Amino acid sequence: MSGMNMADLFGKVAEMQKHMASAQENLGRIRVTADAGGGMVKVTATGTMRIVAIELERDLVDADDMEMLQDLIIAGVNKALEAATKAAQEQMRSAAGSMLPPGLDLTKLGI
């Protein structure tokens, strides 16, 4: 660590923490929507993995076939959470990338 004093190091760490906190905050604003059953079920999730909306086609609701409805809701939720996970990873990768030296590739580390 020649050339970098402790104050510089702590300053960089504090800056990185601020950047990551901002990125986490932005995750709550991300909205992704996925559908199942050819659009009969639509599920919206945030980048923080919270389901915020489920829309069902009226024709889908059949008291005699609740199992199909349940399966489609589960499929829609899973698709929405997968999309939200990808969006969150992109957001965090972008935030981390802006703080790293040019050319440093973190994708092999799962970031």
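Biologist: What percentage of the 111 residues of the protein chain count as buried?
Modeller: The structure is a predicted model, and the figure is computed from its atoms. A residue counts as buried when its relative accessible area is under 20%. Of the 111 residues of the protein chain, the share that meets this condition is 23%.

Biologist: In what order do the elements of the protein chain run from the N terminus on?
Modeller: The protein chain contains two helices and three strands. Read from the N terminus on, these elements follow the order α-β-β-β-α.

Biologist: How are the three strands ordered in the open sheet?
Modeller: The sheet is open, and its pairing is antiparallel. In general, strands of a sheet pair through backbone hydrogen bonds. Neighbouring strands of this sheet are turned by 15° against each other on average, with direction ignored. The order of the strands is S1-S2-S3.

Biologist: Which strands stand at the edges of the sheet?
Modeller: The order of the sheet is S1-S2-S3. A strand at the edge has a single partner strand, so one of its sides is left without a neighbour in the sheet. The strands in this position are S1 (31–36) and S3 (51–56).

Biologist: Over how many bridges do S1 and S2 pair?
Modeller: Within this antiparallel pair, Ala36 has Val41 in S2 as its bridge partner. The two strands form a hairpin with four residues between them, and Gly37 in the turn has a positive phi of about 65°. The number of bridges that pair S1 with S2 is six.

Biologist: Which residue takes a positive phi in the hairpin of S2 and S3?
Modeller: Strand S2 (residues 41–46) pairs with S3 in the antiparallel sense over five bridges. Ala45, for instance, stands opposite Ile51 in S3. The hairpin has four residues between the strands, and the residue with a positive phi near 65° is Met49.

Biologist: How many of the six residues of S2 are buried?
Modeller: Thr44 is found in S2, and this residue is buried, with a relative accessible area of 11%. Lys42 also has its place in S2, but Lys42 counts as partly exposed because its relative accessibility is 36%. Strand S2 is largely enclosed by the rest of the structure, because the number of its six residues that are buried is five.

Biologist: With which side chain does the side chain of Thr44 make a polar contact of 2.9 Å?
Modeller: Thr44 stands opposite Ala53 in S3. Residues up to four places away in sequence aside, Thr44 touches Arg31, Val32, Thr33, Arg50, Ile51, Val52 and Ala53. The polar contact of 2.9 Å joins the side chain of Thr44 to that of Thr33.

Biologist: How far apart in space are Lys42 and Ala80, C-alpha to C-alpha?
Modeller: Lys42 touches several residues beyond four places away in sequence, including Thr33, Asp35 and Glu55. Along the sequence, Lys42 and Ala80 are 38 residues apart. Their distance in space, C-alpha to C-alpha, is 8.6 Å.

Biologist: Which residue forms a salt bridge with Glu25?
Modeller: A search of the whole structure finds one salt bridge. Its closest N and O atoms are 3.7 Å apart, and this satisfies the cut-off of 4 Å. Both residues of the pair are exposed, and the partner of Glu25 is Arg29.

Biologist: What share of the accessible surface of the protein chain belongs to carbon and sulfur atoms?
Modeller: The accessible surface of the protein chain comes to about 7,800 Å². Of this area, the share that belongs to carbon and sulfur atoms is 54%.

Key. Residues are numbered from 1 along each chain as its sequence is written. This is a predicted model: local features need pLDDT of at least 70, side-chain atom pairs count only at pLDDT 80 or more; totals for chains, interfaces and linings use all residues. Side-chain values use heavy atoms; hydrogens and water are left out. Buried means under 20% relative accessible area, exposed over 50%, partly exposed in between (1.4 Å probe, protein chains only). Accessible areas come from the Shrake-Rupley method with a 1.4 Å probe; for residues, only the protein chains shown count as cover. Two strands pair if DSSP finds at least two bridges between them. Axes are lines fitted to C-alpha atoms, for helices over the stretch in contact, and angles run from 0 to 180 degrees between N-to-C directions. Contact means heavy atoms within 4.5 Å. A salt bridge is a side-chain nitrogen of Lys or Arg within 4 Å of a carboxyl oxygen of Asp or Glu. A polar contact is a pair of N or O atoms within 3.5 Å; within protein, one must be able to donate a hydrogen and the other to accept it, and residues adjacent in sequence count only if both atoms are side-chain atoms.
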